Amino acid sequence: MSDCASASCPRSLSIRGHGLAGALLAETASAAGFQVKVHDAGLPAASRVAAGLFTPVTGQRLRLSWRAEDALPLCHRVYPALEQTLGVSFYTRLPTLRIFSTAAQREEWAEKPCADCVQTRPLPPLPIHAPHGGVWIEGGGWVNVPVLLDALRARRVARGEWGEHADTDLRIDCTGHHAARHPLWRETGWRNARGDVLTVEIPGLPGGRIYSFDKFLMPLGNGQFRLGATYDWEETEPVPTARGRQTLESALRAFTDLPYRILDHQAGVRPVAVARVPVAGPHPDHPREWILNGYGSKGVLYAPWMCQNILQYWQHKAPLPKETWAPRRIQRQRDRNSTNAL
Ligand SMILES: Cc1cc2nc3c(=O)[nH]c(=O)nc-3n(C[C@H](O)[C@H](O)[C@H](O)COP(=O)(O)OP(=O)(O)OC[C@H]3O[C@@H](n4cnc5c(N)ncnc54)[C@H](O)[C@@H]3O)c2cc1C
C-alpha cells in the first residue's frame, strides 16, 4: 500500500513507455507501494543510444544546468542504490576535462558557475589540442542506460507487472519524442533534436576522464570511447546520417591527431520541449492522463529528481516546480497559438 497522506492519492498507475523516464518513474512508484504496470511499444528510444553523461555544468557558455543543485545529489543517491538492489553495475563517477575552444570562453570561465564543481588544477600532458587550456568539472559521470533499463525490465516482467493495463487510477505517458505526434500531448510544444553518436577506438588516448570540447569523448575501456553528439533540429527520424558522422569525425580530428577507428554509429531523437525543461503532470482536459517527458539531453540528470517531485505530489500534494507543470505548459502553448492566429 502506498504511503499516501491524501484520500485522492492514486493507488494504481499504468505507464506507457519504458525509456529512462518511464522506467525510473515505475521504479520510484513501485518502491513507494503503488501498483504499477508498464507497457512499451518497442519503438526507437533515445535512452537506447544516449551516452548517459551527467554533469552540473553544460553548454557552450558553461553554465550551471537548471536546478542542477537539486537534481545532482539525487543522481548520486538513486543510481548507486539501484545498482545495489538490481545487482548490476551501470553507474560511473568521472571528472570531465572541459577544453576551452576560444580565449573568450576561458575568460568567461573566470565567473565560476559553482564553488565546488570546478577545479583549475593544471592539465596533464595529453595527446590533444588544447591551446586555450581547460578546467576540471567534478560531480558528474555517466550511467549505462541500456544496462539499467534491461535490469529494471527483467525484474518487472518477473513480477508480472509488464503489459497493457487500462483500468488504473492514472495513465502516464512517458513516450519520449513520440509524444509530439500524440493527439493529447502534441500541443505541449516540442522541438525535438535528432543526434548521432559514434563508438570509436583511439589507441593512445588515456581514459579515466570524460573529454568535453566541441563534442564529448566518454571512455568505455580498452581504448574505446563514445563520441557525441550532434544536434539536428530539422531531421527528426532516429537514423544515423553521413552528415552526423562527418560532423563528429571532423570535431575529433580537430581535437587530436591520434588515429582512430569507428566501431559503431547510432542515432536517436531527444525529446525536447519548447520550454527546454522537463514536463510533468495531468492533461488539463483529462486529469487521469499524465505526462512525464521533455528530458532533452539531460535525462540522466533530471530523471531521479523529477520522479521524486512527482511522488511528493501524489503522496502529499507538494507542488511540482512550476516550470515543469504540464497544465501550465499546455495553457501557455494554447495562449501562444491563439496569439499567433490573430
Ligand atoms: C545521440 C544522443 C545522445 C544523448 N546523450 C545523452 C547523455 O549523454 N546524457 C543524457 O542524460 N541524455 C542523453 N541523451 C538524451 C536522453 O536519451 C533522453 O533525455 C532520455 O533518454 C529520454 O528518455 P525518455 O524515456 O523520455 O524517452 P525514450 O528513451 O525515447 O523512451 C520512450 C519509450 O516510449 C516507448 N513508446 C513510445 N510510444 C509508445 C506507445 N504509444 N505505447 C507504449 N510505448 C511507447 C518507446 O518504445 C520508448 O521505449 C541523448 C540522446 C541522444 C539522441
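## Close-up views of a predicted protein model

**View 1. Residue I172 and its surroundings.** I172 is buried, with 29 other C-beta atoms lying within 10 Å, and a residue counts as buried when 20 or more such atoms lie within that distance. The structure shown here and in the views that follow is a predicted model. I172 has its place in strand β11, which covers residues 170-173. When neighbours within four places in sequence are left aside, the contacts of I172 are L13, I15, R16, L25, W290 and L292. A further pair to look for is I172 and I291, which stand 119 residues apart in sequence but have C-alpha atoms 5.3 Å apart in space.

**View 2. The five-stranded sheet that includes β11.** In what order do the strands of this open sheet follow one another? The order of the five strands is β2-β1-β11-β18-β17, and the pairing is mixed. β2 (35-39) and β17 (279-283) stand at the edges and have a single partner strand each, so one side of each is left without a neighbour in the sheet. Neighbouring strands of this sheet are turned against each other by 20° on average, when direction is ignored.

**View 3. The pairing of β1 with β2.** Strands of a sheet pair through backbone hydrogen bonds, and this pairing can be either parallel or antiparallel. Strand β1, made of residues 12-16, pairs with β2 in the parallel sense, and five bridges link the two strands. One of the positions to follow is I15, whose bridge partner in β2 is V38; I15 is also among the residues in contact with I172.

**View 4. Helix α7 against the five-stranded sheet.** Helix α7, which is formed by residues 326-341, lies across β17 and β18 (286-293). The helix runs at about 85° to β17, which is one of the edge strands of the sheet.

**View 5. The eight-stranded sheet.** A second view of strand pairing shows an open sheet of eight strands, in the order β8-β9-β7-β13-β14-β15-β12-β16, with mixed pairing. Its edge strands are β8 (118-119) and β16, and each of them pairs on one side only. Helix α5, made of residues 242-255, lies across β12, β15 and β16, and the helix runs at about 50° to β12.

**View 6. Two hairpins built from β13, β14 and β15.** Strand β13 (residues 210-212) and β14 run antiparallel and are joined by two bridges, with S212 having F216 of β14 as its bridge partner. These two strands form a hairpin with three residues between them. Strand β14 (residues 216-221) is in turn joined to strand β15 (residues 224-228) by five bridges, and this pair also runs antiparallel. Here P219 has F225 of β15 as its bridge partner, while M218 stands opposite R226. β14 and β15 form a hairpin with two residues between them, and in the turn N222 has a positive phi of about 55°.

**View 7. The shell around the ligand.** How many residues surround the ligand, and which are the closest? The ligand is surrounded by 42 residues, of which G17, G19, G176, G195 and G299 are the closest. Five elements, α1 (20-31), β3 (53-54), β12 (193-201), β16 (261-270) and α6 (299-316), each supply at least two residues of this shell. Sorted by class, the shell has 19 nonpolar, 19 polar and four charged residues.

**View 8. Residue N309 in helix α6.** Is N309 buried or exposed? N309 counts as buried, because 23 C-beta neighbours lie inside 10 Å. The place of N309 is in helix α6, which is one of the elements supplying residues to the shell around the ligand. Apart from neighbours within four places in sequence, N309 is in contact with L320 and P321. As for P44, this residue is 265 residues from N309 in sequence, and the two C-alpha atoms are 27 Å apart in space.

**View 9. The whole protein chain.** The protein chain has seven helices and 18 strands. The radius of gyration of the chain is 21 Å, close to the 20 Å that the globule rule gives for 342 residues, so the chain is as compact as a globular protein of that length. Along its principal axes, the C-alpha trace spans about 60 × 55 × 40 Å. Of the 342 residues, 41% count as buried. Among the contacts with a separation of 6 or more, 76% are between residues 24 or more positions apart.

Note on methods:
Residues numbered from 1 in each chain as written. Predicted model: local features only at pLDDT ≥ 70, side-chain atom pairs only at ≥ 80, totals over all residues. Helix = DSSP H or I, 4+ residues; strand = E, 2+ residues; numbered from the N terminus. Rg over C-alpha atoms; globule rule 2.2 N^0.38 Å. Buried ≥ 20, exposed ≤ 12 C-beta atoms within 10 Å, placed from the backbone. Contact = placed C-beta atoms within 7 Å. Near = placed C-beta within 6 Å. Nonpolar A, V, L, I, M, F, W, Y, C, P; charged D, E, K, R; others polar. Pairing = 2+ DSSP bridges. Axes fitted to C-alpha atoms, helices over the stretch in contact; angles between N-to-C directions.
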